[in-house]
Amino acid sequence: MSLVVLLERRTLVLSSDGKQCMAIPLDKGGRHRIVAPDATSVGDIVAALEACPGVGVLTANGGLLGTLTVADNFALALRYGADPRDDAAGDWQHALQLALEACGLPPERILSIARERPIGLERSERWLLGFVRNLLRPPELLVFDRAFGGLSRRQADAVIALEAVYHDFHPFRPTLFVDVDAHELPAVPDCMNHLELEPLTCPC
């Protein structure tokens with residue numbers, strides 16, 4: 001099953017074989033979920049979503065540039081397009097610290113992590129930093145790409161709790177979880193839409 005994604009009047013419409021299977025309004029918030037049978041299907045779905053304007057994808061590795069320091073990554077993302085003469089342009093550092101604290105990072109770790117490169121961090125910290133970047137510069141739709149893959153139950157619960165923080169900050173920005181079907185896949189509470197994709201059958 002392949003999905004076609006189109007933006008129609010502030011609604012992201014997902015269709016298969018000419019039939020609509022999910023509609024995500026971009027200004028009403030809420031959680032949505034797609035469960036696909038395999039990683040290839042998820043990759044195709046995420047690629048189709050990422051091609052739409054206003055869609056941001058948070059990958060399992062956080063999506064930061066591995067060779068820049070964490071501080072440089074955030075400076076690049078948060079100051080992009082800002083007028084350097086604007087005194088308010090420096091406020092991003094304070095906002096970043098507050099966001100990292102709100103996501104549970106202790107102050108001493110915030111200071112030390114700024115000098116590190118994402119490539120040397122554990123996956124959970126890379127993901128958290130990517131999440132905070134989206135928290136501070138939210139897309140119109142935030143897609144969580146296989147956020148639960150390889151996580152323990154406790155780590156998965158932490159992801160769900162952080163996604164709730166995102167809605168506290170941005171109640172009118174929707175989120176979409178795209179996951180590979182698995183027995184240990186945790187439930188996402190209060191989903192407005194839940195789409196289960198069937199595996200493709202061989203025509204032979």
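# Exercises on a predicted chain

With a relative accessibility of 25%, P37 counts as partly exposed. The structure considered here is a predicted model.

**Exercise 1. Locate P37 in the chain and identify its partners that are distant in sequence.**

Step 1. P37 is placed in the loop that runs between β4 (31-36) and α1 (39-50).

Step 2. The accessibility must be set against the limits: buried is under 20% and exposed is over 50%. The value of P37 is 25%, so the residue is partly exposed.

Step 3. When neighbours within four places in sequence are left aside, P37 is in contact with V180, D181, L197, E198 and P199.

Step 4. For one of these partners, D181, the separation from P37 is 144 residues in sequence, yet the C-alpha atoms are 5.2 Å apart in space.

**Exercise 2. Describe the order of the elements and state how the radius of gyration relates to the globule rule.**

Step 1. Six helices and eight strands make up the elements of the chain.

Step 2. Read from the N terminus, their order is β-β-β-β-α-β-α-α-α-α-β-α-β-β.

Step 3. The globule rule gives 17 Å for 204 residues, and the radius of gyration of the chain is 18 Å, close to that value; the chain is therefore as compact as a globular protein of that length.

Step 4. The C-alpha trace spans about 60 × 40 × 30 Å along its principal axes.

Step 5. Consider next the contacts between residues at least 6 apart in sequence: 73% of them join residues at least 24 apart.

**Exercise 3. Characterise the largest nonpolar core and name the elements that supply it.**

Step 1. The largest nonpolar core comprises 31 residues, and those with the most contacts inside it are F74, W127, L129, F131, V132 and F144.

Step 2. At least two residues of this core come from each of α2 (70-78), α3 (92-102), α4 (107-113), α5 (123-136), β6 (141-145) and α6 (153-169).

Step 3. α5 provides the largest share of the core, namely six residues.

Step 4. F131 serves as an example. Beyond its neighbours within four places in sequence, F131 is in contact with L58, C103, F144, L162, E163 and Y166.

Step 5. Another core, of 22 residues, lies apart from this one; I34, C52, L141 and V178 are among its members.

**Exercise 4. Two loop residues, T69 and V188, are to be classed as buried or exposed, and their contacts listed.**

Step 1. T69 belongs to the loop between β5 (55-58) and α2, and V188 to the loop between β7 (175-180) and β8 (191-196).

Step 2. The cut-off for a buried residue is under 20% relative accessible area. T69 has 15%, so it is buried; V188 has 11%, so it is buried.

Step 3. Setting aside neighbours within four places in sequence, T69 is in contact with A114, R115, E116, R117 and P118.

Step 4. On the same basis, leaving aside neighbours within four places, V188 is in contact with R31, R33, F148 and F177.

Step 5. V188 and R33 are 155 residues apart in sequence, and their C-alpha atoms are 7.9 Å apart in space.

**Exercise 5. Explain why the phi values of R10 and R146 merit attention.**

Step 1. Most residues other than glycine have a negative phi.

Step 2. R10 has a phi near 65°, a positive value in a residue other than glycine. R10 is found in the loop between β1 (4-8) and β2 (11-16).

Step 3. R146 has a phi near 50°, again a positive value in a residue other than glycine. R146 is found in the loop between β6 and α6.

Step 4. R10 is partly exposed at 39% relative accessibility, and R146 is partly exposed at 29%.

**Exercise 6. Summarise burial, surface and charge for the chain.**

Step 1. Buried residues make up 43% of the 204 residues of the chain.

Step 2. The chain exposes about 11,100 Å², of which carbon and sulfur atoms supply 54%.

Step 3. There are 19 positive and 27 negative side chains, and the centres of these two sets lie 3 Å apart.

Technical notes. Residues are numbered from 1 along each chain as its sequence is written. This is a predicted model: local features need pLDDT of at least 70, side-chain atom pairs count only at pLDDT 80 or more; totals for chains, interfaces and linings use all residues. Side-chain values use heavy atoms; hydrogens and water are left out. A nonpolar core is a set of buried Ala, Val, Leu, Ile, Met, Phe, Trp, Tyr and Cys residues joined through side-chain atoms within 4.5 Å. Buried means under 20% relative accessible area, exposed over 50%, partly exposed in between (1.4 Å probe, protein chains only). Helices (H or I, at least four residues) and strands (E, at least two) are DSSP runs, numbered from the N terminus. Contact means heavy atoms within 4.5 Å. The radius of gyration is taken over C-alpha atoms; the globule rule is 2.2 Å times the number of residues to the power 0.38. Accessible areas come from the Shrake-Rupley method with a 1.4 Å probe; for residues, only the protein chains shown count as cover. Lys and Arg count as positive and Asp and Glu as negative; His and the chain ends are not counted. The place of a charge is taken as NZ of Lys, CZ of Arg, CG of Asp or CD of Glu.
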